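Thanks for making time this morning. I would like to walk through one model with you, starting from its core and working outwards, and I will give the cut-offs as we go.

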Amino acid sequence: MEIGGVLALKVLTESGRTHTRSRAAELRELIARIGRAGDRFLLMQRIPDLPDVFAQVWHEGRSGSGCASSSPAATTTAGR
């Protein structure tokens, strides 16, 4: 899934930003931010897109504690 140093992925963040064909280091940064205010989930799709094939990760930090929840939800769906 890596082509010329970039990943064949499209990533959508909670803020609505889209990252297309990012390097692995950029994807790691996006994942590390999950759980912060305004950065609770990522939705990822392969390029080229396959209908109904995606990965979604959601993580919500505990309010006031300064630490992230210990039970993030992750969903992967594949279908045809």
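Let me begin with the largest nonpolar core, which has 8 residues, namely Leu7, Leu9, Val11, Leu27, Leu30, Ile34, Leu42 and Met44. Strand E3 (9-13), helix H1 (24-33) and strand E5 (41-46) are the elements that each give two or more residues to this core. By nonpolar core I mean a set of buried Ala, Val, Leu, Ile, Met, Phe, Trp, Tyr and Cys residues joined through side-chain atoms within 4.5 Å, where buried stands for under 20% relative accessible area, exposed for over 50%, and partly exposed for what lies in between (1.4 Å probe, protein chains only). In soluble globular proteins, nonpolar side chains tend to be buried together.

Before going further, please keep in mind that this is a predicted model, in which local features need pLDDT of at least 70 and side-chain atom pairs count only at pLDDT 80 or more, while totals for chains, interfaces and linings use all residues. Residues are numbered from 1 along each chain as its sequence is written, and side-chain values use heavy atoms, with hydrogens and water left out.

As for the overall layout, the protein chain has 1 helix and 7 strands, which run β-β-β-β-α-β-β-β from the N terminus on; these are DSSP runs (helices H or I, at least four residues; strands E, at least two), numbered from the N terminus. Of the 80 residues of the protein chain, 21% count as buried.

Which residues does valine 11 touch, leaving aside its neighbours within four places in sequence? With contact meaning heavy atoms within 4.5 Å, its partners are Arg17, Thr18, His19, Leu27, Leu30, Leu42, Leu43 and Met44.

Threonine 13, also found in strand E3, counts as buried at 2% relative accessibility. On the same basis of leaving aside neighbours within four places in sequence, threonine 13 is in contact with His19, Leu30, Arg33, Phe41 and Leu42.

Finally, there is 1 aromatic pair, counted when ring centres of Phe, Tyr and Trp (its six-membered ring) lie within 6.5 Å, with planes under 30 degrees apart taken as stacked, over 60 as edge-to-face and the rest as tilted. Phenylalanine 41 and tryptophan 58 form this stacked pair, at 5.8 Å centre to centre and 10° between the planes. The pair links distant parts of the chain, with phenylalanine 41 in strand E5 and tryptophan 58 in strand E6 (residues 54-58), 17 residues apart. Tryptophan 58 itself is partly exposed, with a relative accessible area of 31%.
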